[in-house]
Amino acid sequence: MAVLGAISGFLRRRLVLPVSNLLRQGMTPRSLSATVAVGSVVGVVPAIGVTTLLSTALAARFRLNIAATVLVSYLVQPLQLLLAIPFIRLGISFFGLGELRLTLDEMQLMFQEDWLEAISKLWMANLAGIAAWAVISVPSGAGLYFILLPLLQRVLPKAEPAGAEAATLEL
């Protein structure tokens with residue numbers, strides 16, 4: 001049990017506190033909610049290797065904290081792996097690519113028969129998955145933003161008015 005406490009304390013000091021401090025650095029509930037929403041949506045894009053570039057570009061465009069947005073996208077990346085196949089299946093149904101099956105046995109058979117054709121089909125399926133993600137990303141990001149906003153307004157400390165600290169010091 002002492003080992004679990006030591007690990008828990010280490011994770012809290014080295015991971016949880018720095019992440020929470022980074023996410024709260026001078027951020028309003030609105031900007032933090034937008035940062036988490038954008039980072040979360042970008043972090044699940046079914047294309048490995050584009051999250052950093054995409055989250056940086058979106059954070060810069062919407063004037064969000066770039067480091068925090070990229071961090072959130074990295075934290076949700078395990079969901080990227082879990083949601084890749086559902087996004088691809090949804091994209092296949094959107095674009096009528098129903099002949100493609102995504103079981104491991106069928107993919108192995110595809111590669112044994114004609115690996116160039118298999119790569120072509122899987123490429124199209126992945127593009128269809130990215131398109132499905134793009135369709136879903138805006139409403140889900142907006143929904144996440146509006147869910148997080150009231151929660152963060154309660155949790156984050158209230159910002160003091162600009163002259164409040166100076167007035168307190170003069171007394």
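About 11,400 Å² of the protein chain is exposed, and carbon and sulfur atoms supply 69% of that area. The structure you see is a predicted model, and the exercises below walk you through it.

**Exercise 1. The overall fold**

Task: Find how many helices and strands the protein chain has, and what pattern they follow along the sequence.

Solution.
- Step 1: Count the elements. There are eight helices and zero strands.
- Step 2: Read them in order along the sequence. The pattern is α-α-α-α-α-α-α-α.
- Step 3: Look at burial. Of the 171 residues in the chain, 30% are buried.
- Step 4: Turn to contacts with a separation of 6 or more. Residues 24 or more positions apart account for 71% of them.

**Exercise 2. The largest pocket**

Task: Describe the volume of the largest pocket and the classes of residue in its lining.

Solution.
- Step 1: Start with the volume, which is about 310 Å³.
- Step 2: Find the centre. The lining has 14 residues, and the closest to the centre are Val-38, Phe-62, Val-138, Gly-141 and Ala-142.
- Step 3: Ask which elements take part. Helix 2 (29–43) and helix 7 (115–155) are the elements that give two or more residues to the lining.
- Step 4: Helix 7 gives the most, with six residues.
- Step 5: Sort the lining by class. Twelve residues are nonpolar, two are polar and none is charged.

**Exercise 3. Around helix 4**

Task: Work out which residue caps the N-terminal end of helix 4, and which residues in helix 4 are buried.

Solution.
- Step 1: Begin just before the helix. Arg-63 lies in the loop between helix 3 (51–61) and helix 4 (66–75).
- Step 2: Check the backbone of Arg-63. Its phi is near 55 degrees, a positive value in a residue other than glycine.
- Step 3: Check its exposure. Arg-63 has a relative accessible area of 78%, over the 50% cut-off, so Arg-63 is exposed.
- Step 4: Move on to the cap. A side-chain oxygen of Asn-65 lies 3.1 Å from the backbone nitrogen of Ala-67, and Asn-65 caps the N-terminal end of helix 4.
- Step 5: Look inside the helix. Ala-68, Thr-69, Val-70, Leu-71, Val-72 and Ser-73 are buried.

**Exercise 4. Gln-80 and Thr-51**

Task: Decide whether Gln-80 is buried or exposed, and find what its side chain meets.

Solution.
- Step 1: Locate Gln-80. Its place is in helix 5 (residues 77–95).
- Step 2: Apply the cut-off. Gln-80 has 5% relative accessibility, under the 20% limit, so Gln-80 counts as buried.
- Step 3: Look for a polar partner. A polar atom of the Gln-80 side chain lies 2.6 Å from the backbone oxygen of Val-45.
- Step 4: List the neighbours. Leaving out residues up to four places away in sequence, Gln-80 touches Gly-43, Val-44, Val-45, Ala-47, Ile-48 and Thr-51.
- Step 5: Follow one of these contacts to Thr-51, which lies in helix 3. Thr-51 is buried too, with a relative accessible area of 2%.
- Step 6: Turn the view around. With residues up to four places away again left out, Thr-51 touches Val-42, Gly-43, Val-45, Ser-73, Tyr-74, Gln-77 and Gln-80.

**Exercise 5. Far in sequence**

Task: Find how many residues separate Leu-152 and Pro-29 along the chain, and what separates their C-alpha atoms in space.

Solution.
- Step 1: Leu-152 is found in helix 7 and is buried, with a relative accessible area of 15%.
- Step 2: Leu-152 and Pro-29 are 123 residues apart along the chain, while their C-alpha atoms are separated by 5.3 Å.
- Step 3: Beyond four places in sequence, Leu-152 touches Pro-29, Leu-32 and Ser-33.
- Step 4: Now try Leu-151, also in helix 7. Leu-151 is partly exposed, with a relative accessible area of 45%.
- Step 5: Leu-151 and Ser-33 are 118 residues apart along the chain, with 9.1 Å between their C-alpha atoms.
- Step 6: Finish with Gly-26, in the loop between helix 1 (2–24) and helix 2. Gly-26 counts as exposed at 81% relative accessibility.
- Step 7: Gly-26 and Asn-65 are 39 residues apart in sequence and 9.8 Å apart from C-alpha to C-alpha.

Notes:
Residues are numbered from 1 along each chain as its sequence is written. This is a predicted model: local features need pLDDT of at least 70, side-chain atom pairs count only at pLDDT 80 or more; totals for chains, interfaces and linings use all residues. Side-chain values use heavy atoms; hydrogens and water are left out. On a 1 Å grid over the protein atoms alone, a cavity is a set of points where a 1.4 Å probe fits but cannot get out, and a pocket is an open set with protein on both sides within 12 Å along at least five of seven lines; lining residues have an atom within 4 Å of a point. Grid points are joined across faces, edges and corners, and a volume is the space filled by probe spheres set on the points. Helices (H or I, at least four residues) and strands (E, at least two) are DSSP runs, numbered from the N terminus. Ala, Val, Leu, Ile, Met, Phe, Trp, Tyr, Cys and Pro count as nonpolar, Asp, Glu, Lys and Arg as charged, and the others, Gly among them, as polar. Buried means under 20% relative accessible area, exposed over 50%, partly exposed in between (1.4 Å probe, protein chains only). Contact means heavy atoms within 4.5 Å. Accessible areas come from the Shrake-Rupley method with a 1.4 Å probe; for residues, only the protein chains shown count as cover. A polar contact is a pair of N or O atoms within 3.5 Å; within protein, one must be able to donate a hydrogen and the other to accept it, and residues adjacent in sequence count only if both atoms are side-chain atoms.
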